[in-house]
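Biologist: I'd like to learn how to read helix packing from a structure. Can we go through one together?

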Amino acid sequence: MNDEKIIELFFARSEQAIGALDGKYGKVLHALSFKILNNHQDAEECVNDAYLAAWNAIPPSRPEPLFAFVCKIVRNISLKRYEQNTA
């Protein structure tokens, strides 16, 4: 499924949008978070939190590169978790 269709699913508030996003980019997003946190459980939580953040952010905005948009969300959430874990 291409990014435009995934964004349209978000605008339609279809739960399939999360599944499509996870199916297309889930492994890469998990790997990104894992490289920051070095913990699979924390990485999975961060990716899930990023899906929720994307769900809340996309209907008002229409991200042009969807992958970069979601990567930025995962990175920021993972860095916050890293700061909490090492405080």
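Modeller: Sure. Keep in mind that this is a predicted model. Let's start with handedness: α3 and α4 cross in a right-handed way.

Biologist: Which residues of α3 and α4 make the contact?

Modeller: From α3 you have D42, E45, C46, V47, D49, A50, A53, A54 and A57, and they meet F69, I73, V74, I77, S78, R81 and N85 of α4. Sorted by class, that contact holds 10 nonpolar, two polar and four charged residues.

Biologist: How do people describe the geometry of a pair like that?

Modeller: Two packed helices are described by the angle between their axes and the distance between the axes. Here, the axes of α3 (residues 40-57) and α4 (residues 66-86) come within 9 Å and cross at roughly 130°. That angle is why α3 counts as oblique to α4.

Biologist: Now α1. Which of its residues are buried?

Modeller: In α1 (residues 3-11), the buried ones are D3, I6, I7, L9 and F10. They span an arc of only 155° around the axis, so they sit on the same side of α1.

Biologist: And what does the face turned away from the buried side carry?

Modeller: That face of α1 has the exposed residues E4 and K5.

Biologist: What covers the buried residues of α1?

Modeller: The cover includes α2 (16-37), along with α3 and α4. So the pair we began with turns up again here, as part of what covers α1.

Biologist: Anything to look at after α1?

Modeller: Yes, check the backbone at R13, which follows α1: its phi is positive, near 60°.

Key. Residues numbered from 1 in each chain as written. Predicted model: local features only at pLDDT ≥ 70, side-chain atom pairs only at ≥ 80, totals over all residues. Heavy atoms only, no water. Axes fitted to C-alpha atoms, helices over the stretch in contact; angles between N-to-C directions. Helix = DSSP H or I, 4+ residues; strand = E, 2+ residues; numbered from the N terminus. Parallel < 35°, antiparallel > 145°, perpendicular 65-115°, else oblique. Left-handed = near helix turned anticlockwise from the far one by under 90°. Contact = heavy atoms within 4.5 Å. Nonpolar A, V, L, I, M, F, W, Y, C, P; charged D, E, K, R; others polar. Buried < 20%, exposed > 50% of the residue type's maximum accessible area, 1.4 Å probe, protein only. Arc of directions from axis to C-beta.
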